[in-house]
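Got your viewer open? Let's take a walk through this one together, one selection at a time.

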Amino acid sequence: MKQDEPIVDMITRFTDIINGLKGFDRKFTNGELVSKMLRSLSKDWNSLRMLIENTKDVNTYPLEELYGTLMTYELKNAETKEKTKRSKEKMKEPPKKQIALKSTNDEGSSNTNMSDEELDDLVLLVKK
């Protein structure tokens, strides 16, 4: 299996190779096919490979069920990686700035009574 190769592509290549060998009158048992498929998985799949080898009888484990298990594992793993990626990106975002405005209660006050500094702050706030 190539690094970061989708499992569907690997299954397709595996099937093509096996079908080519069957064309040369090479016979395979289901156990041989399952074992070969498990051995051809990359290191990223070690945990699933060991789980299948230790809990299932490889000689009687259907190849189609193995394909389904591998595709399901890939989907779940992709979801987990995506969630992790999003949380890391979220942590990298700079914290949002908070702004507090000064409040006055004067009914007769207007913008003309503002000092130049206050007016500059207001203009800067509106620009942001």
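A quick word before we start: a residue counts as exposed when its relative accessible area is over 50%, as buried when that area is under 20%, and as partly exposed in between. Keep in mind, too, that you are looking at a predicted model.

**Stop 1: helix α1**

Select residues 7–23. This is α1, a helix of 17 residues that reaches 24 Å from its first C-alpha to its last, close to the 24 Å expected at 1.5 Å a residue. Now colour I7, M10, I11, F14 and I18, which are buried in α1. Where do they sit around the axis of α1? They cover an arc of only 100°, which puts them on the same side of the helix. There is a simple rule behind patterns of this kind: an α-helix has 3.6 residues a turn, so residues three or four places apart point the same way.

Next, turn α1 around and pick D16 and G23. Here, on the other side of the helix, both of these residues are exposed.

What do the buried residues of α1 pack against? Show α2 (30–39) and α4 (63–92), and you have their packing partners.

**Stop 2: α1 beside α4**

Keep α1 and α4 on screen and hide the rest. Their axes are 10 Å apart, and the two helices pack at an angle of about 155°. The pair is therefore roughly antiparallel. To see where they touch, show side chains for I7, V8, I11, F14 and T15 in α1, which meet Y67, L70, M71 and E74 in α4. The residues of this contact divide into seven nonpolar, one polar and one charged.

**Stop 3: all along α4**

Stay with α4 and follow it from end to end. How far apart are its end C-alpha atoms? They are 43 Å apart, which agrees with the 44 Å that its 30 residues should span at 1.5 Å a residue. Now highlight L63, L66, Y67 and L70, the buried residues of this helix. Bring the other helices back to see what covers them: the cover includes α1, α2 and α3.

**Stop 4: the loop between α1 and α2**

Go back to the end of α1 and step on to D25. This residue lies in the loop between α1 and α2. Its phi is positive, about 65°, although D25 is not a glycine. Is D25 buried or exposed? It is exposed, with a relative accessible area of 62%.

Now select F28, which is found in the loop between α1 and α2. F28 has 15% relative accessibility, so it counts as buried. Leaving aside neighbours within four places in sequence, F28 is in contact with I18, L21, L33 and K36. Try drawing a distance from F28 to I18: they are ten residues apart along the chain, and their C-alpha atoms are separated by 8.5 Å.

**Stop 5: K36 in α2**

One of those contacts of F28 is K36, so click on that next. K36 is found in helix α2, and it is partly exposed, with a relative accessible area of 29%. Which residues does K36 contact, leaving aside its neighbours within four places in sequence? They are F14 and F28. K36 and F14 are 22 residues apart in sequence, and 9.2 Å apart in space from C-alpha to C-alpha.

**Stop 6: S42 on the way to α3**

Move along to S42, in the loop between α2 and α3 (46–55). It counts as buried, at 11% relative accessibility. Its contacts, apart from neighbours within four places in sequence, are M1 and R49.

**Stop 7: helix α3**

R49 takes us into α3, where L48, R49 and I52 are buried. Look down the axis of α3: the buried residues fall within an arc of 100°, so they line one face of the helix. The face turned away from that buried side carries the exposed residues M50, N54 and T55. What covers the buried residues of α3 includes α2 and α4.

Finish by zooming in on I52, which is buried with a relative accessible area of 4%. Show L38, Y61, L66 and T69 around I52, since these are its contacts once neighbours within four places in sequence are left aside. I52 and L38 are 14 residues apart along the chain, with 8.7 Å separating their C-alpha atoms.

Conventions. Residues are numbered from 1 along each chain as its sequence is written. This is a predicted model: local features need pLDDT of at least 70, side-chain atom pairs count only at pLDDT 80 or more; totals for chains, interfaces and linings use all residues. Side-chain values use heavy atoms; hydrogens and water are left out. Helices (H or I, at least four residues) and strands (E, at least two) are DSSP runs, numbered from the N terminus. The expected span of a helix is 1.5 Å times one less than its number of residues. Buried means under 20% relative accessible area, exposed over 50%, partly exposed in between (1.4 Å probe, protein chains only). The arc is that of the directions from the helix axis to the C-beta atoms. Contact means heavy atoms within 4.5 Å. Axes are lines fitted to C-alpha atoms, for helices over the stretch in contact, and angles run from 0 to 180 degrees between N-to-C directions. Angles under 35 degrees count as roughly parallel, over 145 as roughly antiparallel, 65 to 115 as roughly perpendicular and the rest as oblique. Ala, Val, Leu, Ile, Met, Phe, Trp, Tyr, Cys and Pro count as nonpolar, Asp, Glu, Lys and Arg as charged, and the others, Gly among them, as polar.
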